[in-house]
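Hi,

Here is the structure I promised to pass on. Have a look, and then read on for what turned up in it.

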Amino acid sequence: MSEQNYDFQKRLLRVHRPDRRIEKPLEKGKIEITAAWTITYPAGNAFLGRCAADLADYFAVSMGLPLSVGENAVGKRIVYVIDQSLSREGAYRTEVSDLEVRLIGKDERAAAQAGYLLEDVLNLEEAPYLMPGVTDRAPIFRCRMVHSGYAEDDFPDEHLNAIAHSGINAILVFACDVNKSPMHELDFNDLIARAARYGLDVYAYSYMKTAMHPLDEGAEAYYDSLFGNLFRKCPGFKGIVFVGESVQFPSRDERTSGRMRTDNIDRFGNKIIQKPDPGWFPCNDYPDWLALVKKVIRREKADADIVFWTYNWGKCAEADRIALIDALPTDISLQATFEMFENFKRDGVSSRSIDYTISFPGPGAYFLSEAKAAKRRGIPLYSMTNAGGLTWDVGMVPYEPAPYQWLKRYDAMRMCHREYGLCGSMDCHHYGFYPSFISDLAKTLFTDESADGEAVIDRLIARDWGAENLAVVRKAYQAFSDAVNDFIMTDEEQYGPLRIGPAYPFVLFRDHQLVLPSNPKAHHKDNMICFPNYAYPLHVAARKEQFMGEIRLYKASADRLITGAEALRALLPGLPPAKRDEAQRIAGVAEFMGRTALTVHHVKRWYLEKQGLLSDDGAFDRHLDALLALAAAERENVLATIPLTDFDSRLGFEPSMDYKGDTAHLRWKLAHLDRMVSEEIPALRAKGVVENPTRMDFPRNAWAYRFE
């Protein structure tokens, strides 16, 4: 039966997957948790009381065991314990003996994580069997923060609970003003209180534009009315994230325009002052701006974590960026994006990593330059890492099932923790967090510094697919990882077909002003972050050479993803029913990614033929024939995608855009494709020429049309 739109949200509200237990004998030396055991917690501790009830729900739903819960219990028991003598911040431990399982934490939040670790161990065991002994864990990052994967800035309690189970300790909410996010009014204090029940901090991600220079008369009152007021009304916020282009300010740095971006464009959308706007440059008066912002915030909350993110300044000279870091206060946190602005090659094809991609695992030179400066200055270092399992490489999937590629990212992050003190991670942007086997991999590697990543992946494969299928699944997962590694990320792709997948339309000449159908309530509606009239600067020789290589690589990546998904799907009939649904979803995500890569391949070839129609090469009919063949191939690709979106309503959805790649949009794409085949192409053939082409029909630098 097909899912309806938003049905995936019901699955996100299910914290514990049912029927994980399989029947198997108890191995020698292990103990068994039975219905005779009791879960207990310190008297009067409501937080751990909730955790105990949650653990009881896990045993009932996942293991089929009804365990009682109480403050005082005798006999065999699972007991929550707080032990402040544990050495590391956030440390937790499980101690298993014949009569007792102790879930020990340095504080109550850490003790909760010990309970979640117990669940993880039992999930891998697939039975309520435990080996006696002690297991120690501690988070290597003091902060891991995520946006909602349910809907933008929407955090139901169950989603908060699942986030906490994944080892994440903070959430992000966009803040345009007190109790106002871009999408809707939101009671920040209620969210903060509910998140605290699950051991989660809340950070504001500032969308408040700051149109006054910090040294102007009246600036302190102005900034207090913004950020001081936010923390005055919502003192429970753990901190706030500032990124230049989201806040901006009229800098006096002469290297910039000195204007807000909206004040530096004329009515035709052209820049007035041909210098970078302050939000896109490491201005020398950002320290003044931060000093004032810090003053008004910390007057209300002395320990507020002020996170200053250098996003998109990597294109600026290293000397300018490091000069700014050298002038920053050391009692804030510096955040640098992990992989941006890196130049590399894939199979001879040039690429430059843009926001946010796993095609280059990192760390990039931009990040490392700022990491070294932060270490030298003693500034706490955070990074935008996408470690939750999703990037902008494919915009309409819940996560990317490419574990060996993610392992490269996680290992690099662990190295940066050791070498440069990396202590915080923004695990996703507004495309949100969705629990998956990838987030399970991240949790293990970020709490167990001795963990072997490939061995962890093998255990997760055995849990999800059965140990007997290890070789087949391992091969498929490696194919997915290799495919993502070969994605060549450009703005043309990321703001084009990769953003919405196979629903991305093919445009000839009649539809150069096509508007994507969208939910009018969406944060990013219409064509805001997806440009349906594909363009590429083929007039630049180096870019055309890259373009031709991209055509080849995207076809190879599509084949790897689709073939790997087919291999996984062949395993489904032999899986136990309790595993089959989630396994089919993993295969579906991979195939959707493959269908997206195939759309990219077709779009690029379509664009070449479209440009051929505008040339004087004497092959007008041949270009039309090629367009018809591509339309037929893409039609098959879209039709093959529809069963995937019918089965999994999360495919084709992204929190800030809502639905733009679901079944309805795929059918819209087909209707548009069929109209071109039946009307526009025959009309072009009859005329033998393209009449009155617009400037948008010719090769161009797509940056000129990017809406910031």
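How do the residues of the lining of the second largest cavity divide into nonpolar, polar and charged? There are nine nonpolar, one polar and one charged, where Ala, Val, Leu, Ile, Met, Phe, Trp, Tyr, Cys and Pro count as nonpolar, Asp, Glu, Lys and Arg as charged, and the others, Gly among them, as polar. Trp606, Tyr607 and Lys610 are among the residues lining that cavity, and its volume is about 60 Å³.

Before the rest, some housekeeping. This is a predicted model, in which local features need pLDDT of at least 70 and side-chain atom pairs count only at pLDDT 80 or more, while totals for chains, interfaces and linings use all residues. Residues are numbered from 1 along each chain as its sequence is written, and side-chain values use heavy atoms, with hydrogens and water left out.

A cavity here is a set of points, on a 1 Å grid over the protein atoms alone, where a 1.4 Å probe fits but cannot get out; lining residues have an atom within 4 Å of a point. Grid points are joined across faces, edges and corners, and a volume is the space filled by probe spheres set on the points.

The structure holds four cavities of 30 Å³ or more, and the largest has about 550 Å³ of space. Its lining has 26 residues, with Arg14, Val15, Arg17, Arg20 and Pro435 nearest the centre. They divide into nine nonpolar, seven polar and ten charged.

Cheers

Note on methods: On a 1 Å grid over the protein atoms alone, a cavity is a set of points where a 1.4 Å probe fits but cannot get out, and a pocket is an open set with protein on both sides within 12 Å along at least five of seven lines; lining residues have an atom within 4 Å of a point.
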